[in-house]
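Visitor: Please take me through a close look at the charged pairs in this model, and then carry on from there to whatever else helps me picture it.

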Amino acid sequence: MLEACQRFFDLTEEEKREYAEKHVLDPIRFGTSVNASLEKVFFWRDFLKIFVHPEFHSPVKPPGFGEISSKYCKRTREVARELLKGISESLGLEEHYIDNAMKLEKGIQFMVANLYPQCPQPQLAMGMPPHSDHGLLTLVIENAIGGLQIQHKGKWVQVNSLPNSFLVNTGDHLEILSNGKYKSVVHRAIVNGKMTRISLAMVQAPSFDTVRLVGIFSGLWRFARGHRKAGEERPEPATP
Ligand SMILES: O=C(O)CCC(=O)C(=O)O
Ligand SMILES: [Fe+2]
């Protein structure tokens with residue numbers, strides 16, 4: 001799947017431009033901040049964001065992307081729903097509680113593929129600013145090189161995921177739903193001077209008809225905690 005994402009990013013600028021400068025709710029959205037003419041805030045990152053459930057979407061190019069991603073989305077949805085059964089039980093609820101209450105059969109799922117090119121001055125750039133994810137759970141994979149950091153007790157901690165593993169982030173909706181027992185993790189991505197890094201985040205969120213309610217609480221909660229989403233703030237100068 002990471003290779004398929006790489007093939008998308010390898011398309012010509014013209015081919016990718018079809019998906020650029022889109023509205024935040026458009027089903028397929030490509031953005032670049034390495035090309036500063038397309039993005040106002042300067043981050044060292046290209047991204048491809050696609051809504052894949054309840055309606056599946058895929059760019060036409062590169063060939064094969066749709067088949068691979070449709071399988072990947074289905075499987076990761078199953079993993080997320082399975083994990084949420086365990087989380088329901090850990091909260092003292094019946095195992096299908098979150099699945100039923102959030103109507104995950106029709107749940108929103110979207111993928112965010114991130115490309116962080118090799119950066120000549122990594123100490124001066126930021127890949128993705130500090131943010132927490134919407135949704136219940138995010139399953140992240142990456143190509144071998146660490147770059148993801150989470151905030152823990154006020155400090156940035158490097159996440160060194162195991163090879164071929166999913167890193168599972170808990171999101172805003174889960175924090176609200178669990179009354180704060182599962183915290184929505186604040187994280188960011190730094191860049192490196194050696195190689196291009198690719199990460200792929202699969203976000204599992206409640207269904208549209210339940211998300212509005214959770215969304216209102218999420219907005220209030222975010223306001224109360226002073227959180228911002230990715231892209232809403234300028235990069236802090238990276239610590240040396
Ligand atoms: O590149 C990463 O590891 C972070 C990705 C991420 O946080 C996101 O896409 O929301
Ligand atoms: Fe994230």
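Guide: Happy to! A salt bridge here is a side-chain nitrogen of Lys or Arg within 4 Å of a carboxyl oxygen of Asp or Glu. Please keep in mind that this is a predicted model. Under that rule, eight salt bridges are counted. The general idea is that side chains of opposite charge can pair when their charged atoms come close.

Let's start with Lys16 and Glu13, whose side chains meet in a salt bridge with an N to O distance of 3.5 Å. Both belong to helix 2 (residues 13-17), and because they are three residues apart there, about one helical turn separates them. Their surroundings are worth a look too: Lys16 is buried, at a relative accessible area of 2%, while Glu13 counts as partly exposed at 41%.

Moving on to helix 3, you will find Glu78 in a salt bridge with Lys74, where the closest N and O atoms are 3.4 Å apart. These two residues are four residues apart in helix 3, about one turn of the helix. Glu78 counts as partly exposed, with 43% relative accessibility.

Helix 3 also holds a pair that reaches out to another helix. Arg81 forms a salt bridge with Asp99, and the closest N and O atoms are 2.9 Å apart. Arg81 lies in helix 3 and Asp99 in helix 4 (residues 97-101), so this pair ties together parts that are 18 residues apart in sequence. Arg81 is partly exposed at 21% relative accessibility, whereas Asp99 is buried at 12%. The story does not stop at two residues: through salt bridges that share partners, Arg81, Asp99 and Glu105 are joined into one network.

While you are at helix 3, which spans residues 65-90, look for Val79. Val79 joins Leu83, Phe166 and Val168 in a nonpolar surface patch, and together the four have about 280 Å² of accessible area. A patch residue needs over 30% relative accessible area. Val79 is partly exposed with a value of 31%.

Now for the ligand. Three polar side chains are good places to begin. Asn114 has a polar side-chain atom 3.1 Å from an oxygen atom of ligand 1, and for His187 the corresponding distance to an oxygen atom of ligand 1 is 3.0 Å. Arg197 brings a polar side-chain atom to 2.7 Å from an oxygen atom of ligand 1. On its own, ligand 1 has 300 Å² of accessible area, and the protein covers 95% of it. Strand 3 (107-116), strand 4 (128-131), strand 9 (187-189) and strand 10 (197-207) are the elements that each give two or more residues to this shell. Sorted by class, the shell holds six nonpolar, four polar and two charged residues. Among the residues around ligand 1 are Val112, Tyr116, Met128, His131 and Asp133.

His187 deserves a second glance. This residue lies in strand 9 and counts as buried, at 5% relative accessibility. Besides its place by the ligand, the His187 side chain makes a polar contact of 3.1 Å with the side chain of Asp133.

One last stop is Cys119, in the loop between strand 3 and strand 4. Although placed in a loop, Cys119 is buried, with a relative accessible area of 2%.

Technical notes. Residues numbered from 1 in each chain as written. Chains lettered and ligands numbered in written order. Predicted model: local features only at pLDDT ≥ 70, side-chain atom pairs only at ≥ 80, totals over all residues. Heavy atoms only, no water. Near = heavy atom within 4 Å. Polar contact = N/O pair within 3.5 Å; in protein donor to acceptor, adjacent residues only side chain to side chain. Areas by Shrake-Rupley, 256 points an atom, 1.4 Å probe, with all protein chains shown as cover. Nonpolar A, V, L, I, M, F, W, Y, C, P; charged D, E, K, R; others polar. Patch = residues over 30% accessible without salt bridge, like charges linked within 9 Å, V, L, I, M, F, W, Y side chains within 5 Å. Buried < 20%, exposed > 50% of the residue type's maximum accessible area, 1.4 Å probe, protein only.
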